[in-house]
Amino acid sequence: MNDTACRAVAQAGTVAATASLDSEQPWPLLLVAGWLTTATDCALTAGLLAELEAEFAV
């Protein structure tokens, strides 16, 4: 899950850089912001799950 989140952040950053160079409408940048938010949420969740798994490992 964490690897997927990292890839999503990298892809969103690339798209944001490309979109900012284009003369596009604002909505593509809003999509990128959504991707970054989702990827951040996934990474934080994966980290919390890993901590819980380590805490309750038997």
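This report covers the helices, the buried residues and the surface of a predicted model.

**Overall make-up**

The protein folds into two helices and zero strands. Of its 58 residues, 12% are buried. The exposed area is about 4500 Å². Carbon and sulfur atoms supply 66% of that area.

**The helices**

Helix α1 covers residues 2-21 and includes Thr-14. Helix α2 covers residues 27-55, a run of 29 residues. From first C-alpha to last, α2 reaches 42 Å. That is close to the 42 Å expected at 1.5 Å a residue.

Which residues of α2 are buried? They are Pro-28, Val-32, Ala-39 and Ala-46. Val-32 also gives a distance between two parts of the chain: its C-alpha lies 9.5 Å from that of Thr-14. These two residues are 18 residues apart along the chain.

**Two partly exposed residues**

Thr-14 and Leu-31 can be set side by side.

| Residue | Helix | Relative accessible area |
|---|---|---|
| Thr-14 | α1 | 49% |
| Leu-31 | α2 | 41% |

Why does Thr-14 count as partly exposed? Its relative accessible area is 49%, and partly exposed runs between the 20% limit for buried and the 50% limit for exposed. Leu-31 counts as partly exposed because its relative accessibility is 41%.

**A nonpolar patch**

Leu-31 also belongs to a nonpolar surface patch. Its partners there are Trp-27, Leu-30 and Trp-35. The patch measures about 470 Å².

An α-helix has 3.6 residues a turn, so residues three or four places apart point the same way.

Technical notes: Residues are numbered from 1 along each chain as its sequence is written. This is a predicted model: local features need pLDDT of at least 70, side-chain atom pairs count only at pLDDT 80 or more; totals for chains, interfaces and linings use all residues. Side-chain values use heavy atoms; hydrogens and water are left out. Helices (H or I, at least four residues) and strands (E, at least two) are DSSP runs, numbered from the N terminus. The expected span of a helix is 1.5 Å times one less than its number of residues. Buried means under 20% relative accessible area, exposed over 50%, partly exposed in between (1.4 Å probe, protein chains only). Patches are made of residues with over 30% relative accessible area and no salt bridge: like charges are joined within 9 Å, nonpolar side chains (Val, Leu, Ile, Met, Phe, Trp, Tyr) within 5 Å. Accessible areas come from the Shrake-Rupley method with a 1.4 Å probe; for residues, only the protein chains shown count as cover. A salt bridge is a side-chain nitrogen of Lys or Arg within 4 Å of a carboxyl oxygen of Asp or Glu.
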